[in-house]
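Trainee: I am new to this structure and would be grateful for a close look at a single part of it. Please take one strand pairing and explain how it sits within the whole chain.

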Amino acid sequence: MIIAIVVSIFSAQGVIAQNELAYNDNSEFLNYEYEQQEYTEIKTSELPLSVKDACVEHFGKYKIVKAYLSKDNTYKIVLKDKENNTKFVFASAKGEWITPNDNKS
C-alpha cells in the first residue's frame, strides 16, 4: 500500500510539471511544453536570411540576442529591446511565424 501511495505521488508531480506555464518579461504566457522541446543553440549569424528579415519587419525595435534550432528545423529566437524587455518567437526556415511543431510533414 505504501508503494502505491509513493508511486501515485510521483506520478501526480509529473502531471503538474507538464501543466505549468512559463511567461516572458511582458507577462505573455507561453505553454511550458514549448519551452521543453529540444532546441540547440546556434549563432545568430546562422539564422536564415528569411528569418532575420521577418524579425526586422515585425519586431524592428528588438534585437536578436539568441537563436536555437530544433530537430524539425524550426527556430526559437530570443529578442530584446533597449529597455531589456524579452520576447520569444518561433519561426520556420521560410521566416513564417509558427507555434512549435505545427509544420510537421
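Mentor: The account below goes from the chain as a whole to one hairpin and then to the core around it. Please bear in mind throughout that this is a predicted model.

The chain contains three helices and six strands. Read from the N terminus, these elements follow the order α-β-β-α-β-α-β-β-β. Of the 105 residues in the chain, 31% are buried. The chain exposes about 7400 Å², and carbon and sulfur atoms supply 54% of that area. Among contacts between residues at least 6 apart in sequence, 45% join residues at least 24 apart.

The part I have chosen is the hairpin of β5 and β6. These two strands run antiparallel and are joined by six bridges. Five residues lie between the strands of this hairpin, and N84 there takes a positive phi near 70°. As for β6, five of its six residues are buried, so this strand is largely enclosed by the rest of the structure.

Within β5, consider K76, which belongs to that strand. Is K76 buried or exposed? K76 is buried, because its relative accessible area is 11%, and the cut-off for a buried residue is under 20%. Across the pairing, K76 stands opposite F90 in β6. K76 can also be placed relative to A91: the two residues are 15 apart in sequence, and their C-alpha atoms are 6.7 Å apart in space.

In a regular strand, side chains alternate between the two faces of the sheet. With that general point in mind, we may turn to the nonpolar cores.

The largest nonpolar core has 13 residues, and those touching the most other members are L47, V51, I64, Y75, I77 and L79. Two or more residues of this core come from each of α3 (49-58), β4 (63-70), β5 (75-80) and β6 (86-91). The largest share, three residues, is given by β5. Both strands of our hairpin are thus named among the contributors to this core.

One member, L47, shows how such a residue is surrounded. Apart from its neighbours within four places in sequence, L47 is in contact with I42, K52, I64, A67, Y75 and I77. A second core, separate from the one just described, has five residues, including Y39, V78, F90 and I98. F90 brings us back to the hairpin, since this is the residue of β6 that K76 stands opposite.

Terms used. Residues numbered from 1 in each chain as written. Predicted model: local features only at pLDDT ≥ 70, side-chain atom pairs only at ≥ 80, totals over all residues. Heavy atoms only, no water. Core = buried A, V, L, I, M, F, W, Y, C linked by side-chain atoms within 4.5 Å. Buried < 20%, exposed > 50% of the residue type's maximum accessible area, 1.4 Å probe, protein only. Helix = DSSP H or I, 4+ residues; strand = E, 2+ residues; numbered from the N terminus. Contact = heavy atoms within 4.5 Å. Areas by Shrake-Rupley, 256 points an atom, 1.4 Å probe, with all protein chains shown as cover. Pairing = 2+ DSSP bridges.
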